[in-house]
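Here's a quick walk through one protein model, with the aromatic residues up front and the strands after that. Keep the 3D view open while you read.

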Amino acid sequence: MFATTPLRVVAVSAGLSQPSSTRLLADRLAAATRERLTAEQDRAGREVEVRVIELRDLAVDIANHLVSGFPSAGLREAIDAVTEADGLIAVTPVFTASYSGLFKSFFDLIDHTALTGKPVVIAATGGTARHSLVLEHALRPLFAYLRAVTVPTSVYAASEDWGSSGDEYTEGLPSRIRRAGGELASAVLGRTVSGASRTPGLDDGEDAVVPFEQQLADLRLD
């Protein structure tokens, strides 16, 4: 009997303006992930559900929860959606060379074991490419602490990246979005990011692909 439960992908956007380049990046990463999930699924043909959570709409609830310890119904539902997702996309604008306070405050409310083993794409937006290392010195350590598994490709979008196809030395933003979405889809489906199965066959030798669960276990903290 084939599984019928949908695959759930949740994108968290910490953009403050409307319209927001942060939300736009979250939408495009979610669309790329959905497209690859739909194309790569097995015969079960599971539906793909995508949801984008706008933290700007929950800002007051987040602040109240931080001081009172009690989440509103809407905030509780958003936290549950994140912790129960099969794959997560986390996008923040860059403020003072790091993630935004709203972004950090939301993830401060999530139990530090609730994202254990969950595949995550990290992404950020900023006015200049000079802040692109925020992905490595701020976001990746944050999700390592939360015991999530960030996919290899992270996506930073500076103002000049929108509408750019890159050059002979760098990939353009659309290519990076597609690559990150593909890696997240592969992780959600239990494959390595190269697309290999996580379960070795009976005839596989010492060079067999390591099961994805074992990869996750190796990455988890005690």
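Start with the rings: the structure holds five aromatic pairs. In one of them, the rings of phenylalanine 103 and phenylalanine 143 have centres 6.4 Å apart and planes at 70°, so this pair counts as edge-to-face. It's a link between distant parts of the chain, with phenylalanine 103 in helix 4, phenylalanine 143 in helix 5, and 40 residues separating them. Bear in mind that this is a predicted model.

Are these two rings buried or exposed? Phenylalanine 103 has 0% relative accessibility, so it counts as buried. Phenylalanine 143 also comes out as buried, at 0% relative accessibility.

Phenylalanine 143 has another ring partner: with phenylalanine 107 the centres are 5.1 Å apart and the planes at 75°, so that pair is edge-to-face too. Again distant parts of the chain are linked, since phenylalanine 107 is in helix 4 and phenylalanine 143 in helix 5, 36 residues apart. Phenylalanine 107 counts as buried because its relative accessibility is 2%. Zoom out a little and you'll find that ring pairs tie Tyr99, Phe103, Phe106, Phe107 and Phe143 into a cluster.

**Helix 4 and its neighbours**

Which residues of helix 4 are buried? In this helix, residues 101–108, they are Leu102, Phe103, Ser105, Phe106 and Phe107. What do they pack against? Their partners are strand 1, helix 2 (59–68), helix 3 (73–84), strand 3, strand 4 and helix 5 (134–145).

Helix 5 is worth a look of its own. The axes of helix 4 and helix 5 come within 12 Å and cross at roughly 5°. With that angle, helix 4 is roughly parallel to helix 5. On the helix 4 side, the residues in this contact are Phe103, Lys104 and Phe107, and they meet Leu139, Leu142 and Phe143 in helix 5. Sorted by class, the contact has five nonpolar residues, no polar ones and one charged.

**Strand 3 and its partners**

Now move to strand 3, residues 87–95. Why call this strand largely enclosed by the rest of the structure? Eight of its nine residues are buried, so that description fits. Strand 3 pairs with strand 1, strand 4 and strand 5, as laid out here.

| Partner of strand 3 | Direction | Bridges |
|---|---|---|
| Strand 1 (residues 7–13) | parallel | five bridges |
| Strand 5 (residues 119–126) | parallel | six bridges |
| Strand 4 (residues 98–99) | antiparallel | two bridges |

If you want to trace these pairings residue by residue, here are some bridges to pick out. Valine 9 has glycine 87 of strand 3 as its bridge partner. For isoleucine 89, the bridge partner is valine 121 in strand 5. Phenylalanine 95 is bridged to serine 98 in strand 4.

That last bridge takes you to a turn. Strand 3 and strand 4 form a hairpin with two residues between them, and threonine 96 in the turn has a positive phi of about 50°. While you're looking at strands, a general point helps: in a regular strand the side chains alternate between the two faces of the sheet.

**Glutamate 84**

Just one more residue to click on. Glutamate 84 lies in helix 3. Its relative accessibility is 45%, so glutamate 84 counts as partly exposed. What does glutamate 84 touch, not counting residues up to four places away in sequence? Arg8 and Lys118. The C-alpha atoms of glutamate 84 and leucine 115 are separated by 8.6 Å, with their positions 31 residues apart along the chain.

**The whole chain**

Stepping back, how many helices and strands are there in the protein? There are seven helices and seven strands. Reading along the sequence, you get the pattern β-α-β-α-α-β-β-α-β-α-β-β-α-α. Of the 222 residues in the protein, 44% are buried. Take the contacts between residues at least 6 apart in sequence, and 76% of them join residues at least 24 apart. The phenylalanine 103 and phenylalanine 143 pair, at 40 residues apart, is a handy one to keep in view for that.

Terms used
Residues numbered from 1 in each chain as written. Predicted model: local features only at pLDDT ≥ 70, side-chain atom pairs only at ≥ 80, totals over all residues. Heavy atoms only, no water. Buried < 20%, exposed > 50% of the residue type's maximum accessible area, 1.4 Å probe, protein only. Helix = DSSP H or I, 4+ residues; strand = E, 2+ residues; numbered from the N terminus. Pairing = 2+ DSSP bridges. Contact = heavy atoms within 4.5 Å. Axes fitted to C-alpha atoms, helices over the stretch in contact; angles between N-to-C directions. Parallel < 35°, antiparallel > 145°, perpendicular 65-115°, else oblique. Nonpolar A, V, L, I, M, F, W, Y, C, P; charged D, E, K, R; others polar. Phe/Tyr/Trp six-rings, centres within 6.5 Å; stacked < 30°, edge-to-face > 60°.
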